[in-house]
Amino acid sequence: MTYQVIARKFRPQVFEDLIGQQHVTRTLCNAIEQGRIPHAFLFTGTRGVGKTSAARVLAKALVCEQGPTPRPCNLCEHCRSITAGNHLDVFEIDGASNRGIDEIRDLREKIAYMPSKARFKLYIIDEVHMLTSEAFNALLKTLEEPPEHVKFIFATTEAHKIPSTILSRCQRFDFRKIGVGLIVDRLVDICEREGVGAERSVLTTIAREAGGSMRDAQSLLDQVISFSGGNLGGAGLSELLGLHDQGKVLILLRALFEGELPRAFTLLREIDEAGHDFGRFLLALIETLKDLIVLSVAGEAGAESLDRTAEELVELRSLAGLRSTGEVELINDLFLRGHQLLHGFEHPRLLLEILAYKAVLVDGLIPIEDLVQSVREKKKT
Ligand SMILES: [Zn+2]
């Protein structure tokens with residue numbers, strides 16, 4: 001049996017499978033149910049959030065034997081050949097490699113012919129913003145007088161590069177970045193189905209690293225599984241993969257808040273020895289402190305606005321109880337200014353250590369000049 005990458009194996013086959021995009025799928029389903037199907041759809045959003053998957057599900061919804069239906073059967077000839085990528089009336093075009101006027105002219109000629117089997121001819125154009133302006137002009141002529149039997153589904157990561165004349169003829173759907181909690185839930189589900197033992201903390205690290213992209217999260221999971229031999233619990237896994245570990249951020253903050261400087265220094269040494277990027281670590285610290293402030297100022301309403309898993313929220317609430325909001329703000333200010341100093345600084349760990357003891361000492365105002373001065377003095381020695 002050939003190995004199938006997770007992203008392909010678990011590709012959404014129905015609208016319900018698309019995670020974190022209910023605002024899009026609900027509108028699409030309503031439009032299909034009411035028979036108000038536009039000639040051109042535009043799916044926008046960052047990479048790996050489900051645009052192409054949604055386009056394929058929409059294609060099935062439109063040409064399924066049972067359709068047009070919001071719930072394509074995935075069993076009929078049409079659905080199955082779309083899954084297999086060989087439906088005669090569904091064309092997937094990569095806008096980046098077919099960006100010229102000739103390709104679009106060719107497309108316009110073929111559009112005139114009726115579909116061979118399905119009720120529509122569907123053109124899915126990925127990365128549509130890559131088309132040349134001549135190609136866009138040719139496409140515009142088709143969009144101005146679209147034949148009844150043709151539907152377009154455009155996908156792009158950069159909607160601002162699409163001419164407004166095209167935009168105004170599309171129904172636009174903005175896909176969102178997917179929250180860490182939703183990605184973790186999906187990864188847990190995948191691991192269970194794959195028979196892979198995985199600690200939730202490892203999956204959280206992967207999800208956070210993916211930055212809102214389900215596809216990135218899934219390919220990271222692929223790497224981690226092949227690296228670990230199917231048991232994602234091993235200590236040091238994130239170090240070995242060079243993943244940024246949110247857990248370490250929380251451990252460091254607890255050490256600082258509890259005044260445990262030696263513990264903080266040990267952790268910083270470990271991070272240094274693992275070759276991690278202190279700039280990213282410091283940014284994660286700043287973001288976490290910001291979240292702490294949101295939690296203490298806005299309470300539970302604030303918690304909902306944060307991109308945090310339930311486990312992280314428990315620790316954040318506990319941390320928020322250790323220091324006053326004012327102190328947390330001072331520490332965050334300290335780290336923010338430290339981050340500006342970090343660029344081009346030869347000894348990032350030293351800077352982090354200075355920031356650490358400054359943070360432990362925070363119990364009132366610390367002038368930034370002191371920080372700059374102490375960095376300079378340390379540098380001289
Ligand atoms: Zn079907």
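Start with the whole protein chain, which in this predicted model has 381 residues, 47% of them buried. Show it as a cartoon and you can look for 18 helices and 7 strands. Turn it around: along its principal axes, the C-alpha trace spans about 75 × 45 × 40 Å. If you like, switch on contacts between residues at least 6 apart in sequence; 73% of these join residues at least 24 apart.

**Stop 1: the domains**

Next, colour the chain by domain. Residues 6-174 form domain 1, residues 180-241 form domain 2, and residues 246-380 form domain 3. Keep domain 1 and domain 2 on screen for a moment. Their C-alpha centres are 31 Å apart. How many residues of domain 1 are in contact with domain 2? There are 9 of them, and they touch 14 residues of domain 2.

**Stop 2: the zinc ion**

Now select the zinc ion and show the side chains around it. Which residues are its protein donors? They are C64, C73, C76 and C79, each giving its SG atom, and these atoms lie 2.3 Å from the zinc ion. Check the angles among the 4 donor atoms: they run from 102 to 120°, and the site is tetrahedral. Along the sequence, the donor residues follow the spacing C-x8-C-x2-C-x2-C.

Pick out C64 and C79 from this group. C64 sits in the loop between α3 (51-63) and α4 (77-84), while C79 belongs to helix α4, so the pair ties together parts 15 residues apart in sequence. Are these two buried or exposed? C64 is buried, with a relative accessible area of 0%. C79 is buried too, at 0% relative accessibility.

**Stop 3: strand β3 and its partners**

Leave the zinc ion and select strand β3, residues 121-126. Of its 6 residues, 5 are buried, so the rest of the structure largely encloses this strand.

Add strand β2, residues 90-94, to the selection. β2 and β3 pair in the parallel sense over 5 bridges. To see the pairing residue by residue, find E92, which stands opposite I124 in β3. Then find D94, which has D126 of β3 opposite it.

Now bring in strand β4, residues 150-156. β3 pairs with β4 in the parallel sense as well, over 5 bridges. Here Y123 is opposite F152 in β4.

How does the chain get from β3 to β4? Follow it through helix α6 (residues 133-144); this β-α-β crossover is right-handed. Then go back to β2 and trace helix α5 (residues 101-111): together β2, α5 and β3 make a right-handed β-α-β unit.

**Stop 4: F91**

Finish by zooming in on a single residue, F91, in strand β2. F91 is partly exposed, because its relative accessibility is 28% and the partly exposed class runs from 20% to 50%. Which residues does F91 contact, leaving aside its neighbours within four places in sequence? The answer is K121, L122, Y123 and I124. For one last step, add S213 to the view and draw a line between the two C-alpha atoms. F91 and S213 are 122 residues apart along the chain, and their C-alpha atoms are separated by 25 Å.

Terms used: Residues numbered from 1 in each chain as written. Predicted model: local features only at pLDDT ≥ 70, side-chain atom pairs only at ≥ 80, totals over all residues. Heavy atoms only, no water. Donors = N, O, S within 2.8 Å, 3.2 Å for Na, K, Ca; no water. Tetrahedral: all angles 85-135°; square planar, octahedral: opposite > 155°, others 65-115°. Helix = DSSP H or I, 4+ residues; strand = E, 2+ residues; numbered from the N terminus. Buried < 20%, exposed > 50% of the residue type's maximum accessible area, 1.4 Å probe, protein only. Pairing = 2+ DSSP bridges. Right-handed = clockwise from strand over helix to strand, strands pointing away. Domains from an automatic or database assignment. Contact = heavy atoms within 4.5 Å.
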